[in-house]
Amino acid sequence: LTAEVLMLTFSEVINVSTLQVTGFTLQSSSDALPLSNYTLTAASQVITEINDNVVAISVGLEDLNEIKRLTGLATSQTNTWAKFDSTFVTDMNGNEILSQVGGVNVTMVTIYTEDTIRPELLSFDLDLNYGALVLYFSETVQASSVDVMQLTLMA
């Protein structure tokens, strides 16, 4: 997810104008009831403009942050599965997508690229009346990984 793009390869040319990102779910396993899953929202957009068997989806910031918040999802190849509903996409003849594993339309990721971009501190708010320091990062971070003993406030 470093590039914030999902590249999907189909067995045949698909009609890109029929692709609905809200019909695409990332999940942590092939199980019908995985531990973690997330369905893309309209924040994500198809960036491929021509009918092809390879399609790119730009993952929106809202979706990206939510996926990163779910610690057991899309952190490795083994916990990155794609689930499609019947509204996701059709081929050039109007046929719906079919990729079944155990009765569920899921496919394991073939190529997984680990997120290697470190989060950046963008800004912060300090409220001395309430004794609160709020940190704003460039992406979702694990709160438990913040070591407040490493923070230094300077004038």
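These legends walk through four close-up views of a predicted model. Local features need pLDDT of at least 70 and side-chain atom pairs count only at pLDDT 80 or more, while totals for chains, interfaces and linings use all residues. Residues are numbered from 1 along each chain as its sequence is written, and side-chain values use heavy atoms, leaving out hydrogens and water.

**View 1. The two sides of helix α1 (residues 61–69).** Helices (DSSP runs of H or I, at least four residues) and strands (runs of E, at least two) are numbered from the N terminus. Look for D63, L64 and I67, the buried residues of α1; buried means under 20% relative accessible area and exposed over 50%, with a 1.4 Å probe and protein chains only. These residues lie on the same side of α1 because they cover an arc of only 100° around the axis, judged by directions from the helix axis to the C-beta atoms. Exposed L61 and E62 sit on the face turned away from that buried side.

**View 2. The largest nonpolar core.** Here 24 residues come together as a set of buried Ala, Val, Leu, Ile, Met, Phe, Trp, Tyr and Cys residues joined through side-chain atoms within 4.5 Å. Those with the most contacts inside this core are F10, L19, F24, L40, I57 and F88. Strand β1 gives the largest share, four residues.

**View 3. The surroundings of I57.** Leaving aside residues up to four places away in sequence, I57 touches several residues, including L19, L40 and F88; contact means heavy atoms within 4.5 Å.

**View 4. The hairpin of β9 and β10.** Six bridges join these antiparallel strands, and D127 has A132 as its bridge partner. Of the four residues between the strands, spot G131, with a positive phi near 65°.

Conventions: Pairing = 2+ DSSP bridges.
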